[in-house]
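Dear colleague,

I am handing over a structure that I would like you to look through at your own pace. Please open it first, and then read the notes underneath with the picture beside you.

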Amino acid sequence: MKIAIIGGGAAGLMAAATILEENADAEVFLIEQNTGLGKKVLISGGGRCNVTTGIRNMKFLFTRYPRGAKFLSSALYNFPPEAVYEWFESHGVPLKIEEDLRVFPISNDGHDVVRAFEKIFTKSRAHILLSHAANKIERADEQFVIHFKIDPAITVDKIILTTGGQAYRHTGSTGDGYAFAESLGHTITPLAASLSSFIARDAWVKSLAGVSFEYVGLHTDRGPLPTPIEGPILFTHHGITGPAVFAFSALKAFELATPKQPLTIFLNLFPDKSPEAFFTQLQVACQCNAKRSIENTIATLVPKSVAKILCTLAAIESERHAAEISKKELEGLRSLMQNLPVHTIGRGAGDEFVTAGGITLSEVNPSTMESKITPGLFFAGEILDIDGFTGGFNLQASWATGRLAGKSI
Ligand SMILES: Cc1cc2nc3c(=O)[nH]c(=O)nc-3n(C[C@H](O)[C@H](O)[C@H](O)COP(=O)(O)OP(=O)(O)OC[C@H]3O[C@@H](n4cnc5c(N)ncnc54)[C@H](O)[C@@H]3O)c2cc1C
């Protein structure tokens with residue numbers, strides 16, 4: 001049987017390795033338009049490659065996928081994070097779980113992850129077709145003909161489409177697979193960027209570039225979030241970024257954030273305090289620092305640069321003594337500290353940037369990854385309408401769906 005895997009990223013690598021290790025008779029063609037394999041794997045996790053997660057509770061694991069969690073069930077139970085962990089270790093890549101439960105190679109080098117696959121391919125009879133850009137797939141009776149931009153076409157019995165999403169297009173993930181899937185009868189959901197930072201309109205935000213908070217709550221007035229978002233954020237020269245911002249961007253991936261229609265993100269700098277308790281804390285701070293300026297008093301709770309901006313936004317002269325601040329003014333400050341509006345007018349690249357949306361999941365069998373429309377066609381990885389938060393969840397989904405597609409074939 002001839003099997004073509006189009007796309008040599010995480011999902012394609014795992015699908016190819018699975019077939020080669022489990023089906024000695026298969027003739028495998030791994031087709032990749034780049035000159036090397038796993039280009040995105042190599043830049044993932046800042047080059048360290050956050051291969052999977054240390055989370056072992058499957059119920060909790062599913063909450064890390066804003067889209068596609070239910071569909072992923074079979075794939076994740078078949079190849080859960082601990083199995084991925086063992087797989088890499090048994091293929092010569094020792095791993096470690098960091099405090100925040102992200103899993104990395106001990107070497108902190110994504111090259112080791114890609115090398116593990118290259119070793120499998122060198123030992124096999126696989127055809128690794130690098131610098132081969134597929135540009136059309138045709139159905140010919142029960143088979144598929146793959147046409148290339150330059151090279152001669154090949155005919156195969158089965159195809160696994162693992163061309164990824166369309167984020168970081170310079171890595172080769174140019175979204176070609178969506179057109180291939182459409183030509184074979186599939187529909188593509190609307191697409192959007194997820195795990196992105198946000199560009200802010202407010203000058204004060206940019207003036208805080210470099211300031212970070214370890215634990216901030218995020219919400220918006222554009223509808224409730226399905227799950228509360230709390231975590232680290234960082235102010236940048238453009239706006240806001242950081243794990244909590246990425247999670248927020250995933251949950252609101254399809255909300256517009258443009259100069260004409262800004263998306264207001266409210267930051268709660270003290271998310272574990274009720275408004276009443278926090279107001280009382282501010283009152284006590286003002287009493288204890290009666291002779292100090294309000295700016296310096298607030299600066300006992302937040303960085304000084306932030307305290308200055310809070311005073312400006314609340315229209316309170318920062319030099320006034322804390323004792324002089326009225327209840328109403330203090331409530332204004334409290335409200336800002338727990339509801340600080342950032343008006344975002346665009347999205348920037350995150351450090352783990354993925355495409356939300358993709359192949360419509362109802363058209364794919366979740367137990368096999370095979371198309372329900374075109375038998376013999378399989379999907380795996382980011383091309384599917386599946387995406388996760390930061391923390392190794394996207395690679396985990398790619399390994400698991402790639403493995404399931406390979407096993408099914
Ligand atoms: C900067 C960055 C950092 C990230 N860090 C992490 C992380 O640490 N942990 C994590 O879990 N996730 C991370 N992600 C997300 C994760 O890398 C992706 O979700 C995952 O790699 C998707 O794998 P894939 O195989 O589906 O697609 P891809 O890795 O995108 O692979 C698709 C492949 O298909 C090839 N291709 C496309 N079209 C064609 C064609 N026409 N012909 C031939 N070949 C083609 C491409 O060249 C590419 O190599 C990160 C993403 C980015 C952008």
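The notes below go from the domains to the surroundings of the ligand and then to two pairs of packed helices.

Please keep in mind from the start that this is a predicted model. The protein chain is divided into two parts, of which domain 1 is made of residues 2-189 together with 359-408, while domain 2 covers residues 196-351. If you take the centres over C-alpha atoms, domain 1 and domain 2 are separated by 39 Å. The contact between them involves six residues of domain 1 and seven residues of domain 2, and on the domain 1 side these are two nonpolar, three polar and one charged residues.

The ligand is the next place to look, and there are 43 residues around it, among which G7, G9, G164, G172 and G381 come nearest. Sorted by class, this shell has 16 nonpolar, 20 polar and seven charged residues. Several helices take part in the shell, since at least two residues each are supplied by helix 1 (10-22), helix 2 (39-43), helix 7 (176-183) and helix 14 (393-408).

Two of those helices, helix 1 and helix 14, also pack against each other: their axes come within 7 Å and cross at roughly 35 degrees, and the crossing is right-handed. On the helix 1 side the contact is made by A10, A11, G12, M14, A15, T18, I19 and E22, and on the helix 14 side by L395, S398, W399, T401, G402, R403, A405, G406 and K407. Taken by class, this contact has eight nonpolar, six polar and three charged residues.

The other pair is helix 10 (residues 275-288) and helix 13 (residues 327-338), which pack at an angle of about 125 degrees with their axes 10 Å apart. Why is helix 10 described as oblique to helix 13? The reason is the angle of about 125 degrees, because an angle counts as oblique when it is neither under 35 degrees, nor over 145, nor from 65 to 115. The crossing of helix 10 past helix 13 is right-handed. In helix 10 the residues that meet helix 13 are P275, F278, F279, L282, Q283 and C286, and their partners in helix 13 are L330, E331, L333, R334 and Q338. By class, the residues of this contact divide into seven nonpolar, two polar and two charged.

With best wishes

Notes: Residues numbered from 1 in each chain as written. Predicted model: local features only at pLDDT ≥ 70, side-chain atom pairs only at ≥ 80, totals over all residues. Domains from an automatic or database assignment. Contact = placed C-beta atoms within 7 Å. Nonpolar A, V, L, I, M, F, W, Y, C, P; charged D, E, K, R; others polar. Axes fitted to C-alpha atoms, helices over the stretch in contact; angles between N-to-C directions. Helix = DSSP H or I, 4+ residues; strand = E, 2+ residues; numbered from the N terminus. Left-handed = near helix turned anticlockwise from the far one by under 90°. Near = placed C-beta within 6 Å.
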